[in-house]
Amino acid sequence: MKRRIFLQGAGLLAAAAVLARLTSVAAAQAQTALIYSDRYLDHSLGPTHPESPRRLTTLMQYFRDSDMLDQLQQLAPATHPGAALETIHCRDHIDAISARYPVSHEVALAAAGGVTAATDAVMAGDARNAFCASRPPGHHALNTGREEGFCFYNHVAIAARHLQMRHGLRRILIADWDYHHGNGTEAAFYDDPDILFFSTHDVDAYPQTGLASRTGQGAGEGFNINVPLACGSGDNEILDAFTTRLLPAAAAFKPDFILISAGFDSRESDLLGCFDVTDQGFRRLTGLMMELADRLCEGRLVSVLEGGYNLKGNAAAALAHIETMAGME
């Protein structure tokens, strides 16, 4: 009898192992997801503002012209990110944004909802990874009741809390390669040991934050890593920062999920930046982050568009980024 029970148990273990392998194969075969909605075009800060709807129309045209859309799983965003919103933004801020910028409020909620939808798809195994072609950006958003650096709600911060609340994950890595420092993200998690925030940026540019000495406080000490780069920094400098500073920190942190604040204003020839990162540099950065995700968190990775104000440059960099995510180099 004991032998029969043992054999039955062994059979169940073997079946579980086969199921795990099949699940792993299915996840590997899942497509990269693209989150986009024409709703993202409704927000405007003025006809000549650099954070224009044309950022997305140009980007999507590049995707169509390259036949990229046929290679992606296209997902619609949720119209609201859910309960995680009020873990990052206070009710006074939300009410003030809604009153002052009613259309932008709705569009920004949909942008945050796009990121939470992307994380849900990756967690369910329905997508290998995901890129959110959304606007307005989010990484400068604080709780001031007004727009900060073109941002209203902090999408990556909300997504990090969503992953913890809905999916029971604990440790989230947020990597930000935007030309500007993600001060809103830093502020949201400055004392939180379960969020590792890493940022490369020009410390002299808006919002003039992100000193290397800002490393977190209290229980969060050491989990905030700022790497200021000089004007003119290009592929070698930003890749060196990610390789020498982020990789060892991430290996020690062991994230359950990786989020990228993908700002392409760090690309060469951007209107609001002075870095010289090339499209090939973004391919290499993307590959590095994918390898990190594969090694540490079962490939779980979602990327979110932040800045990028040279219309063709932003689109070309985003195309290089998502081609790499989809394994199409």
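Visitor: In which loop is Gln208 placed?

Guide: Gln208 sits in the loop between S5 and S6. Helices and strands here are DSSP runs, H or I over at least four residues for a helix and E over at least two for a strand, numbered from the N terminus. This is a predicted model, in which local features need pLDDT of at least 70 and side-chain atom pairs count only at pLDDT 80 or more, while totals for chains, interfaces and linings use all residues. Residues are numbered from 1 along each chain as its sequence is written, and side-chain values use heavy atoms, leaving out hydrogens and water.

Visitor: What is the sign of phi at Gln208?

Guide: Gln208 has a positive phi, about 60°, although it is not a glycine. Glu298 is also a non-glycine residue with a positive phi, near 60°. Glu298 belongs to the loop between helix H9 (279–296) and strand S8 (301–305).

Visitor: Does one call Gln208 buried or exposed?

Guide: Relative accessible area decides: buried is under 20%, exposed is over 50%, and partly exposed is in between, with a 1.4 Å probe and protein chains only. Gln208 counts as exposed because its relative accessibility is 61%. Glu298, at 68%, is exposed as well. Over the whole protein, 56% of the 329 residues count as buried.

Visitor: Which residues does a cis peptide bond join in the loop after S5?

Guide: The bond joins Tyr206 and Pro207, with omega about 0°. Pro207 is in the loop between S5 and strand S6 (224–228). Another cis peptide bond, again with omega about 0°, links Arg135 to Pro136. Pro136 is in the loop between strand S3 (130–132) and helix H6 (155–167).

Visitor: Where is His139, and which residues does His139 touch?

Guide: His139 is placed in the loop between S3 and H6. A contact means heavy atoms within 4.5 Å. Not counting residues up to four places away in sequence, His139 touches a set including Cys151, Asp176, Asp178, His180, His181, Ser261 and Glu306. His139 is buried, because its relative accessible area is 2%.

Visitor: What does Thr200 touch?

Guide: Thr200 is in strand S5 (residues 195–201), and it counts as buried because its relative accessibility is 0%. Leaving aside residues up to four places away in sequence, its contacts include Asp176, Asp178, Val227, Ile238 and Phe242. Phe242 in turn touches Thr200, along with others including Trp177, Phe198, Leu285 and Met289.

Visitor: How many residues are in the largest nonpolar core, and which helix supplies the largest share?

Guide: A nonpolar core is a set of buried Ala, Val, Leu, Ile, Met, Phe, Trp, Tyr and Cys residues joined through side-chain atoms within 4.5 Å. The largest one has 90 residues, and Phe242, Trp177 and Met289 are among the members that touch the most others. Helix H5 (residues 102–123) gives the largest share of this core, ten residues.

Visitor: How many helices and strands are there, and how compact is the protein?

Guide: The protein has ten helices and eight strands. The radius of gyration is taken over C-alpha atoms, and the globule rule is 2.2 Å times the number of residues to the power 0.38. The radius of gyration is 20 Å, close to the 20 Å that the rule gives for 329 residues, so the protein is as compact as a globular protein of that length. Of the contacts with a separation of 6 or more, 80% are between residues 24 or more positions apart.
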